[in-house]
Amino acid sequence: MFKADKGYCYYCKEQYTPQNKITRDHLFPKQLGGKLSKRNKVMSCKECNQEKGNKTLIQFQEHLQLKVEKEPKESKWHTVLRTVTYMIGTLQLREEGLRNLKENKLAILTLQPKKNEHNTF
């Protein structure tokens with residue numbers, strides 16, 4: 001996982017240093033039923049992990065939007081908000097694509113003739 005994130009926090013993109021400790025974050029919190037799979041884990045700095053806490057990505061996005069509105073200039077939290085917003089959009093597109101794939105597969109299956117039917121002319 002550390003190699004996949006190339007030594008950077010998944011959220012704020014800051015490089016890990018001895019002062020900026022590495023932590024493992026669950027995209028969908030364990031306490032809310034998140035799985036322990038690799039797909040649900042990312043490496044993050046301690047500050048981002050603590051800020052996210054047990055929030056879902058959508059809750060984290062809402063929290064960050066309120067936080068950056070109060071800040072007069074570009075900050076670390078602006079970067080994190082952009083990352084989380086992108087992640088949510090990507091996940092929604094993936095879900096929509098899977099839903100469309102299932103619907104198309106069902107449509108194709110219903111158009112095919114049954115194997116036991118014989119065409120008579």
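Let's start with F28, which is partly exposed, at 38% relative accessibility. This is a predicted model, by the way, so please hear everything I say in that light. F28 sits in the loop between β1 and β2. What does F28 touch, once we set aside residues up to four places away in sequence? The answer is G33, G34, N40 and T56. There is also a longer reach along the chain here: F28 and K55 are 27 residues apart in sequence, yet their C-alpha atoms are 7.8 Å apart in space.

One of those partners, N40, deserves a moment of its own. N40 belongs to the loop between β1 and β2 as well. Is N40 buried or exposed? It is buried: the relative accessible area of N40 is 8%, and the cut-off for buried is under 20%. Ignoring neighbours within four places in sequence, N40 is in contact with D25, H26, L27, F28, G34 and K35. If you have the structure open, G34 is a nice residue to click on, as it appears in the contacts of F28 and in those of N40.

Let me step back to the overall layout. The chain has three helices and two strands, and from the N terminus on they come in the order β-β-α-α-α. Of the 121 residues, 32% are buried. The accessible surface comes to about 9400 Å², with 56% of that belonging to carbon and sulfur atoms. As for contacts with a separation of 6 or more, 52% of them join residues 24 or more positions apart.

How confident is the predictor? The mean pLDDT for the chain is 79, and 82% of the residues score at least 70. Among the elements, helix α1, residues 46–52, has the highest mean pLDDT, at 90. Helix α3, residues 76–111, has the lowest, at 76. Please keep that value for α3 in mind, since we will visit that helix shortly.

First, though, helix α2, residues 57–69. With 13 residues at 1.5 Å each, this helix should span 18 Å, and its end C-alpha atoms are indeed 18 Å apart, so the two agree. Now, which residues of α2 are buried? They are L57, F60, Q61, L64 and V68. Looking down the axis of α2, these buried residues fall within an arc of 100°, and so they line one face of the helix. The spacing fits a familiar rule: an α-helix has 3.6 residues a turn, so residues three or four places apart point the same way. On the other side of α2, L66 and E69 are exposed. I like that a leucine, L66, is on that exposed list, while a glutamine, Q61, is on the buried one.

Next, the cysteines. How many disulfides does the structure hold? Zero. C45 is in no disulfide, and the nearest cysteine sulfur to it, that of C48, is 3.6 Å away. The cut-off for a disulfide is 2.5 Å between the sulfur atoms, so at 3.6 Å this pair does not count as one. The same goes for C48, whose nearest cysteine sulfur is that of C45. Both residues are buried: C45 has 0% relative accessibility, and C48 has 0% too.

That brings us to K76, in helix α3. K76 counts as buried, at 15% relative accessibility. Leaving out neighbours within four places in sequence, its contacts are C12, E14, C45, E47 and C48. So here we meet C45 and C48 again, this time as contacts of a buried lysine.

A little further along α3 we find T79. T79 is partly exposed, at 23% relative accessibility. It touches Y11, C12, K13 and E74, not counting residues up to four places away. C12 is a contact of T79 and also of K76. The C-alpha atoms of T79 and E14 are 9.9 Å apart, with their positions 65 residues apart along the chain.

Last stop: K13, one of the residues touched by T79. K13 lies in the segment before β1 and is partly exposed, with a relative accessible area of 43%. What is special about its phi? Phi of K13 is near 70°, a positive value in a residue other than glycine. For context, most residues other than glycine have a negative phi. That's my tour, and I'm happy to take questions.

Note on methods: Residues numbered from 1 in each chain as written. Predicted model: local features only at pLDDT ≥ 70, side-chain atom pairs only at ≥ 80, totals over all residues. Heavy atoms only, no water. Helix = DSSP H or I, 4+ residues; strand = E, 2+ residues; numbered from the N terminus. Buried < 20%, exposed > 50% of the residue type's maximum accessible area, 1.4 Å probe, protein only. Contact = heavy atoms within 4.5 Å. Areas by Shrake-Rupley, 256 points an atom, 1.4 Å probe, with all protein chains shown as cover. pLDDT = per-residue confidence, 0-100. Expected span 1.5 Å × (residues − 1). Arc of directions from axis to C-beta.
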